[in-house]
There are 2 protein chains.
Amino acid sequence: MTAYEVLELGSPDGWHAKGKVFVDREIETEYIGISANAFEPGQETSGWHAHSVLEEIYLFLDGKGQMALDADVVEVGPGTTIRVGQGVQRRIRALPDSPGELRYLCVRAAGGPLKEIPRDVVGDAERPKPW
Amino acid sequence: MTAYEVLELGSPDGWHAKGKVFVDREIETEYIGISANAFEPGQETSGWHAHSVLEEIYLFLDGKGQMALDADVVEVGPGTTIRVGQGVQRRIRALPDSPGELRYLCVRAAGGPLKEIPRDVVGDAERPKPW
């Protein structure tokens with residue numbers, strides 16, 4: 001692995017056009033995964049999921065949305081930062097009347113080299129929509 | 001540790017007034033550390049430092065600046081994302097003519113529970129300024 005590596009993700013106002021970008025797929029990282037995400041008003045993640053191994057921290061930058069965490073729904077906006085532990089089912093949506101795109105980063109790590117973490121996503125197709 | 005925890009960092013345009021905020025000191029995290037940073041034009045970090053254990057990823061959100069990485073100086077702006085490996089001496093400045101504050105996140109992890117990582121900062125007071 002190189003001593004350092006640079007990726008130009010571009011300004012957050014261009015993230016939507018790129019789709020979900022995984023920093024750790026664009027450049028090589030050791031322990032840290034990050035994805036950059038931008039949803040149009042009303043857009044939402046495809047369904048519920050949890051992780052069995054990974055800790056994740058979501059950091060919202062722009063727009064207004066909601067994050068469902070098991071039975072709870074949390075309002076999110078610029079600066080809302082949510083640490084999610086293992087096993088928590090979650091999903092995210094941009095509010096239909098969000099003043100602009102809901103943009104956020106999702107950071108993940110799991111106490112070991114990221115490449116050695118098994119695919120640990122646990123979906124829950126039976127769980128009803130939270131909104 | 002709770003299943004999930006929410007921290008309101010506030011909009012990035014208010015980060016400078018708060019000073020450097022460590023998400024992982026405001027809420028309890030397991031593996032991931034994040035700091036939120038905002039520098040006025042011309043402002044810079046206090047000096048060189050490296051980490052012996054931690055991997056860090058810097059993600060710049062606003063403004064124009066430079067990041068020095070050992071002998072290199074990289075121009076940074078919105079979306080510039082830099083993975084920095086162990087042992088690389090680094091420092092950051094907002095350009096004096098930055099169109100606004102230089103705002104960035106620094107994410108860190110080290111392959112184990114964050115609390116068990118020793119204080120691993122290695123300064124280099126003898127190294128000359130890069131700009």
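The legends below accompany close-up views of a predicted model.

**View 1. Chain A as a whole, with two helices and eleven strands.**
Followed along the sequence, the elements of chain A come in the pattern β-α-β-α-β-β-β-β-β-β-β-β-β. The radius of gyration of chain A is 15 Å, close to the 14 Å that the globule rule gives for 131 residues, so chain A is as compact as a globular protein of that length. Measured out along the principal axes, the box filled by the C-alpha atoms of chain A is roughly 45 × 30 × 20 Å. Of the 131 residues in chain A, 53% are buried, and among the contacts in this chain with a separation of 6 or more, 69% are between residues 24 or more positions apart.

**View 2. The surface and the charges of chain A.**
Chain A exposes about 5,600 Å², and 48% of this area is supplied by carbon and sulfur atoms. The chain carries 14 positive and 21 negative charges, and the mean positions of the two sets lie 3 Å apart.

**View 3. An open sheet of six strands that takes in β1 of chain B.**
The order of the strands in this sheet is β2(A)-β3(A)-β10(A)-β5(A)-β8(A)-β1(B), and their pairing is antiparallel. At the edges stand β2 (21-22) of chain A and β1 (4-8) of chain B, each with a single partner strand, so one side of each is left without a neighbour in the sheet. At the chain A edge, β2(A) is joined by two bridges to strand β3 (residues 33-39) of chain A, the two strands running antiparallel, and here A:Phe22 has A:Ser35 of β3(A) opposite. In general, the strands of a sheet pair through backbone hydrogen bonds, and they may do so in a parallel or an antiparallel manner.

**View 4. Strand β8 of chain A between its two neighbours, β5(A) and β1(B).**
Strand β8 (residues 80-84) of chain A is mostly covered, with five of its five residues buried. In a regular strand, side chains alternate between the two faces of the sheet. In β8(A), A:Thr80, A:Ile82 and A:Val84 are on one side, A:Thr81 and A:Arg83 are on the other, and all of these residues are buried, so that both faces are covered. Four bridges link β8(A) to strand β5 (residues 55-62) of chain A in an antiparallel arrangement, with A:Ile57 placed opposite A:Arg83. Five bridges connect β8(A) to β1(B), again in an antiparallel arrangement, and in this pairing A:Thr80 has B:Glu8 opposite.

**View 5. An open sheet of six strands that takes in β1 of chain A.**
Here the strands follow the order β1(A)-β8(B)-β5(B)-β10(B)-β3(B)-β2(B), with antiparallel pairing. The edges are formed by β1 (4-8) of chain A and β2 (21-22) of chain B, each of which has a single partner strand, so one side of each is left without a neighbour in the sheet. Within this sheet, seven bridges join strand β5 (residues 55-62) of chain B to strand β10 (residues 102-109) of chain B, and the two run antiparallel; one of the residues to look for is B:Glu55, whose bridge partner in β10(B) is B:Ala109.

**View 6. Strand β9 of chain B and its pairing with β6.**
All five of the five residues of strand β9 (residues 90-94) of chain B are buried, so the strand is largely enclosed by the rest of the structure. The cover extends to both faces of β9(B), with B:Arg90, B:Ile92 and B:Ala94 buried on one side and B:Arg91 and B:Arg93 buried on the other. Strand β6 (residues 65-69) of chain B runs antiparallel to β9(B) and is joined to it by five bridges, in which B:Gln66 has B:Arg93 as its bridge partner.

**View 7. A:Pro113 in a loop of chain A.**
A:Pro113 is in the loop between β10 (102-109) and β11 (121-123) of chain A, and its relative accessibility of 32% counts as partly exposed. Leaving aside residues up to four places away in sequence, A:Pro113 touches A:Glu30 and A:Tyr31. A:Ile32 is 81 residues from A:Pro113 in sequence, while the C-alpha atoms of the two are 8.2 Å apart in space.

**View 8. A:Ala125 in the segment after β11 of chain A.**
With a relative accessible area of 75%, A:Ala125 is exposed. Although A:Ala125 and A:His49 are 76 residues apart along the chain, their C-alpha atoms are separated by 8.7 Å.

Methods:
Residues numbered from 1 in each chain as written. Chains lettered and ligands numbered in written order. Predicted model: local features only at pLDDT ≥ 70, side-chain atom pairs only at ≥ 80, totals over all residues. Heavy atoms only, no water. Rg over C-alpha atoms; globule rule 2.2 N^0.38 Å. Buried < 20%, exposed > 50% of the residue type's maximum accessible area, 1.4 Å probe, protein only. Contact = heavy atoms within 4.5 Å. Areas by Shrake-Rupley, 256 points an atom, 1.4 Å probe, with all protein chains shown as cover. Lys, Arg positive; Asp, Glu negative; His and termini not counted. Charge placed at Lys NZ, Arg CZ, Asp CG, Glu CD. Pairing = 2+ DSSP bridges.
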